[in-house]
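Colleague: I should like to learn how to read a structural model feature by feature. Could we take the general idea of each feature and then its case in the structure at hand?

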Amino acid sequence: METAYLIETVIKIVVILLIFSALAGIGTYFERKVLAFMQRRLGPTNVGPFGLLQVAADGIKLFTKEDIVPSGVVGRIFKFAPVITAATAFMAAAAIPFLPSFTLFGYEVHPIVADINIGILYILGIMGIGLYGPLLGGMASANKFALLSAARGAAVFISYEVITGLSILAPIMMVGSLSLIDFNNYQIDNGWIMFAQPVAFVLFWIAAFAETGRTPFHLIANDHEIIDGFGTEYSGMRWGLFFIGEYANMFFISFVISLIFLGGYGDGSLLGALGFLAKVAFFFFFFLWTRAAWPDVRPDQLMWLCWKVLMPIAVINIIITGIVMM
Amino acid sequence: MNNEQLNDRNVSDGYFLVDIEDYPTDGWGKFKRVIKRTFRGELFVGLWVVLREMIRFDTHTIKYPEEKMPIGPRYRAVHEMKRLWESDAERCIGCGLCEKICISNCIRIDTRLDENSRKEVSEYTINLGRCIFCGYCAEVCPELAITHGGEYENASDQREHFVDYAGMLTPLDKMKAGTQVEFEGFGAITPHEDERVKKTPLAY
Ligand code: SF4
Ligand code: SF4
């Protein structure tokens with residue numbers, strides 16, 4: 001029993017790592033294509049059919065590029081920071097059920113690494129740690145723009161975490177569990193939480209944008225400075241780790257939103273599983289969509305939004321939920 | 001014509017000043033503005049616009065080496081030397097005006113008398129490493145001899161190598177085929193020039 005469980009878990013971890021590393025790469029392809037179409041361009045076209053092999057070309061480039069550690073940086077932290085971003089993104093995936101359980105060769109597979117009873121808390125906590133990547137990387141870079149970017153990262157950090165936590169409190173009160181599988185099963189009987197908690201849904205969605213650092217909250221690595229914020233001094237695969245972390249995060253947060261608010265994979269049928277993937281795909285697409293459509297906000301605007309607008313709404317939402325449940 | 005007419009910039013009746021609201025100063029005004037902006041749905045307009053463009057798939061990309069944009073006839077790329085339509089002889093009379101006017105001093109021209117005691121260009125070079133493609137030489141040339149061409153795809157170790165005098169001259173077979181193209185840009189005669197000529201209201 002013990003060994004079988006161990007082997008199964010290791011296999012799951014490897015599969016998730018492989019699939020989502022690849023997805024992060026393909027995610028960049030989709031981002032470039034979708035953004036290009038929305039901006040009336042073509043995107044990558046030359047490498048492979050429809051430019052599909054662009055991902056491979058980029059991967060080869062990232063892996064073989066010289067890894068420069070500039071003089072003046074705080075060496076150990078500089079080298080470690082990208083690992084935080086990528087590792088925490090994948091660690092958060094441990095508590096996410098990616099599909100309903102299915103039977104493979106007469107063996108029941110639960111596509112979740114560990115169904116821990118504090119699932120959401122764990123995911124949010126680990127994703128919160130992920131922000132230390134940009135923060136430490138920027139501070140250790142000995143570069144003024146990277147430092148500013150790290151400062152913005154801190155500003156983002158103290159803003160959105162409140163909203164994430166508070167907005168998800170109301171659904172947690174309704175479900176009475178922190179496990180994402182319980183969330184999913186609750187919604188089989190009671191309908192999607194999105195309809196019961198529309199405010200919490202929107203708030204969490206907004207916070208997810210800040211969490212993943214995507215436009216309109218793409219202010220940590222501020223594109224308008226033309227350089228890559230905290231990633232300015234990074235090169236090669238270290239920079240690639242930041243990238244993989246960001247895209248893996250986007251995928252995982254899409255899974256989490258779909259699970260918490262949109263009924264997840266439902267009763268576990270094939271249709272439910274496909275619907276689940278469709279929901280995740282929509283949320284991922286929405287990340288790209290907003291990037292093409294919306295401008296960025298300033299850090300002070302984000303703090304204003306989170307502290308003065310969203311937090312009161314979240315608190316009121318919790319109070320009302322509590323009164324209704326009583 | 002009096003000055004009022006000249007100073008009136010409202011060339012059509014469709015012009016109006018944009019109505020910009022005053023910036024709110026008190027808290028209530030700011031609150032109202034936030035509410036208004038939040039629920040006006042402008043964010044969704046933005047989303048719709050980009051989605052519409054994606055669905056239309058009306059891309060404007062030109063895949064450059066395979067596809068090329070037509071360039072305007074007035075485009076000022078590497079120079080050309082035109083020939084006379086009648087005799088296929090070079091139009092340049094060696095007056096040296098282009099050398100004189102060139103603001104980057106990159107034209108070098110030398111002339112000599114040929115056997116018939118006519119002036120002939122013995123040396124004509126343009127240092128394209130210094131040329132800024134301003135078009136003054138084409139504008140000043142009294143014979144419409146030196147003009148700009150449309151050839152912008154040049155590659156060489158040095159820009160000076162892009163073209164020499166023999167290369168600038170319209171090839172003779174092109175003249176035979178009658179396919180020399182007149183330059184429409186700087187220095188060219190505007191079409192319908194005759195109709196536009198006005199009398200100068202001065203007594204010389
Ligand atoms: S285009 Fe201007 S700079 Fe170039 S040769 Fe003619 S006059 Fe000189
Ligand atoms: S201005 Fe024209 S005619 Fe005179 S030297 Fe230059 S090219 Fe020849």
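Modeller: The discussion below goes from the overall fold to cores, single residues, backbone geometry and ligands. Please keep in mind throughout that this is a predicted model.

Colleague: Let us begin with the fold. What does the secondary structure of chain A come to?

Modeller: One counts the elements and then reads their order. Chain A has 12 helices and two strands. Starting at the N terminus, their order is α-α-α-β-β-α-α-α-α-α-α-α-α-α. With a radius of gyration of 20 Å, close to the 20 Å that the globule rule gives for 326 residues, chain A is as compact as a globular protein of that length. The C-alpha trace of chain A spans about 60 × 50 × 45 Å along its principal axes.

Colleague: How many of the residues of chain A count as buried, and what share of the contacts links residues 24 or more positions apart?

Modeller: Of the 326 residues, 50% count as buried. Among contacts in chain A with a separation of 6 or more, 77% come from residues 24 or more positions apart.

Colleague: Which residues of the largest nonpolar core touch the most other members?

Modeller: Here one looks for buried nonpolar residues joined through side-chain atoms within 4.5 Å. The largest such core holds 86 residues, and A:Ile96, A:Phe252 and A:Phe261 touch the most other members. Helix α10 of chain A, residues 236-261, gives the most to this core, with 13 residues. Apart from neighbours within four places in sequence, A:Ile96 is in contact with A:Pro111, A:Ile112, A:Ile123, A:Leu180, A:Phe252, A:Phe255, A:Val256 and A:Leu259. There is also a second, separate core of 21 residues, with B:Cys106, B:Ile109, B:Val163 and B:Leu169 among them.

Colleague: How does one read the burial of a single helix, and what covers the buried residues of α5(A)?

Modeller: One lists its buried residues and then the elements over them. In α5 of chain A, residues 132-140, the buried residues are A:Gly133, A:Pro134, A:Leu135, A:Gly137, A:Gly138 and A:Ala140. Their cover includes α3 (75-92), α4 (119-130), α6 (144-175) and α10 of chain A. After α5(A) comes A:Ala142, with a positive phi near 55 degrees.

Colleague: Let us turn to a polar side chain. Is A:Gln187 buried or exposed?

Modeller: Because its relative accessibility is 4%, against a cut-off of under 20%, A:Gln187 counts as buried. This residue lies in helix α7 of chain A, residues 180-190. The side chain of A:Gln187 reaches the backbone nitrogen of A:Gly263 at 2.8 Å. Leaving out residues up to four places away in sequence, A:Gln187 touches A:Trp192, A:Ile193, A:Leu259, A:Ile260, A:Phe261, A:Leu262 and A:Gly263.

Colleague: What does B:Glu99 touch beyond residues up to four places away in sequence?

Modeller: The contacts of B:Glu99 are B:Ile107, B:Arg108 and B:Ile109. B:Glu99 lies in helix α4 of chain B and, at 27% relative accessibility, counts as partly exposed. A polar atom of its side chain lies 3.4 Å from the backbone nitrogen of B:Ile109. The C-alpha atoms of B:Glu99 and B:Cys137 are separated by 7.6 Å, although the two residues are 38 residues apart along the chain.

Colleague: How should backbone exceptions be recognised?

Modeller: Most residues other than glycine have a negative phi, and most peptide bonds are trans. B:Asp88 has a positive phi, near 65 degrees. The residue sits in the loop between β1 and α4 of chain B, and B:Asp88 is buried, with a relative accessible area of 18%. B:Ser117 also has a positive phi, of about 60 degrees. B:Ser117 lies in the loop between β2 (107-113) and β3 (119-126) of chain B and is exposed, at 55% relative accessible area.

Colleague: Where is the cis peptide bond next to A:Pro216?

Modeller: The bond runs from A:Thr215 to A:Pro216, with omega near 10 degrees. A:Pro216 is found in the loop between α9 (198-212) and α10 of chain A.

Colleague: Finally, which residues are closest to ligand 1, and which come nearest to ligand 2?

Modeller: One names the nearest residues and then the character of the shell. Around ligand 1 there are 13 residues, the closest being B:Cys102, B:Ser104, B:Cys131, B:Cys134 and B:Cys137. That shell has nine nonpolar, four polar and no charged residues. Ligand 2 has 13 residues around it, of which B:Cys92, B:Cys95, B:Gly96, B:Cys98 and B:Cys141 come nearest. The shell around ligand 2 divides into 11 nonpolar, two polar and no charged residues.

Methods. Residues are numbered from 1 along each chain as its sequence is written. Chains are lettered from A and ligands numbered from 1 in the order in which they are written. This is a predicted model: local features need pLDDT of at least 70, side-chain atom pairs count only at pLDDT 80 or more; totals for chains, interfaces and linings use all residues. Side-chain values use heavy atoms; hydrogens and water are left out. A residue is near a molecule or strand if one of its heavy atoms lies within 4 Å of it. Ala, Val, Leu, Ile, Met, Phe, Trp, Tyr, Cys and Pro count as nonpolar, Asp, Glu, Lys and Arg as charged, and the others, Gly among them, as polar. Buried means under 20% relative accessible area, exposed over 50%, partly exposed in between (1.4 Å probe, protein chains only). Helices (H or I, at least four residues) and strands (E, at least two) are DSSP runs, numbered from the N terminus. Contact means heavy atoms within 4.5 Å. A polar contact is a pair of N or O atoms within 3.5 Å; within protein, one must be able to donate a hydrogen and the other to accept it, and residues adjacent in sequence count only if both atoms are side-chain atoms. The radius of gyration is taken over C-alpha atoms; the globule rule is 2.2 Å times the number of residues to the power 0.38.
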